[in-house]
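Trainee: I should like a close look at a single part of this model. Please take one helix, describe how its neighbours are arranged around it, and then set that part within the chain.

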Amino acid sequence: MGDDREVTEAEEARGGPRVLARQVADAVESLVTLWTGAAEAVTPRLSSHQLKALTAVRQRELNLTALAETLGIALPAASRLCDRLEAAGLLERVNHPRNRRELQLRVTAHGRRALTEVAERRSASLADVLAAMTPAQRAALEHGLHAFRAARAAQPDGEA
């Protein structure tokens with residue numbers, strides 16, 4: 001039985017899954033930096049929690065409790081998050097149309113513009129990176145992403 005270094009070197013020579021996993025992890029780190037940078041570049045600057053909250057509220061009707069559950073955070077934390085978003089003019093609390101005792105969260109027009117700007121910045125940043133690749137590299141990436149999604153979906157806990 002060899003040491004871990006020998007196994008790693010042998011695996012590297014074969015281009016094994018652990019080597020590729022490290023390369024994918026490095027690429028994901030770069031992608032996360034690009035992704036979060038787009039949200040941080042809008043005015044007002046949006047944290048990842050604020051962006052997730054705005055996106056969740058835009059996607060479906062939520063009250064504060066449902067938002068906290070969706071984000072996996074405590075109710076007081078969700079309330080403070082909404083307070084900050086409301087103060088920035090990105091979110092509003094309105095009376096629920098069918099339940100007077102409940103407040104519904106809504107993304108304001110300013111909030112929708114901020115979400116659109118984040119999406120546009122993300123797309124532009126990705127396009128810049130992809131433009132620096134050759135057509136063959138882009139085709140290989142597309143092929144690899146399809147294969148990755150298919151392999152992930154085939155796992156017992158995979159998502160289609």
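Mentor: The axes discussed here are lines fitted to C-alpha atoms, for helices over the stretch in contact, and their angles run from 0 to 180 degrees between N-to-C directions. The model is predicted, and the part chosen is helix 3, residues 48-59.

Helix 5 is a suitable neighbour with which to begin. Helix 5 covers residues 75-87, and its axis comes within 10 Å of the axis of helix 3, the two crossing at roughly 85°. Angles of 65 to 115 degrees count as roughly perpendicular, and helix 3 and helix 5 are therefore described in that way. On the side of helix 3, the contact is made by His49, Gln50, Ala53 and Leu54. Helix 5 contributes Leu81, Arg84 and Leu85. By character, the residues of this contact divide into four nonpolar, two polar and one charged.

Helix 4, residues 64-71, is another neighbour. Its axis and that of helix 3 come within 10 Å and cross at roughly 120°. That angle lies outside the range of 65 to 115 degrees and is not over 145; helix 3 and helix 4 are therefore oblique to each other. The crossing of helix 3 past helix 4 is right-handed. Here helix 3 supplies Lys52, Ala53, Ala56 and Val57, while Leu67, Thr70 and Leu71 come from helix 4. Five of the residues in the contact of helix 3 with helix 4 are nonpolar, one is polar and one is charged. Ala53 is named in the contact with helix 4 and also in the contact with helix 5.

A general point about helices helps in reading such lists. An α-helix has 3.6 residues a turn, so residues three or four places apart point the same way.

Helix 3 is also packed against by helix 6. The buried residues of helix 6 pack against helix 3, and against helix 2 (17-40) and strand 2 (103-107) as well. Those buried residues are Gly111, Ala114, Leu115, Val118 and Arg122. Helix 6 itself spans residues 109-131, a run of 23 residues. From first C-alpha to last, helix 6 reaches 32 Å, close to the 33 Å expected at 1.5 Å a residue.

As for the wider setting, the chain contains seven helices and two strands. Along the sequence, these elements follow the pattern α-α-α-α-α-β-β-α-α. Of the 160 residues in the chain, 22% are buried. Among contacts between residues at least 6 apart in sequence, 41% join residues at least 24 apart.

Key: Residues are numbered from 1 along each chain as its sequence is written. This is a predicted model: local features need pLDDT of at least 70, side-chain atom pairs count only at pLDDT 80 or more; totals for chains, interfaces and linings use all residues. Side-chain values use heavy atoms; hydrogens and water are left out. Helices (H or I, at least four residues) and strands (E, at least two) are DSSP runs, numbered from the N terminus. The expected span of a helix is 1.5 Å times one less than its number of residues. Buried means under 20% relative accessible area, exposed over 50%, partly exposed in between (1.4 Å probe, protein chains only). Contact means heavy atoms within 4.5 Å. Angles under 35 degrees count as roughly parallel, over 145 as roughly antiparallel, 65 to 115 as roughly perpendicular and the rest as oblique. A crossing is left-handed if the near helix is turned anticlockwise from the far one by less than a right angle, and right-handed if clockwise. Ala, Val, Leu, Ile, Met, Phe, Trp, Tyr, Cys and Pro count as nonpolar, Asp, Glu, Lys and Arg as charged, and the others, Gly among them, as polar.
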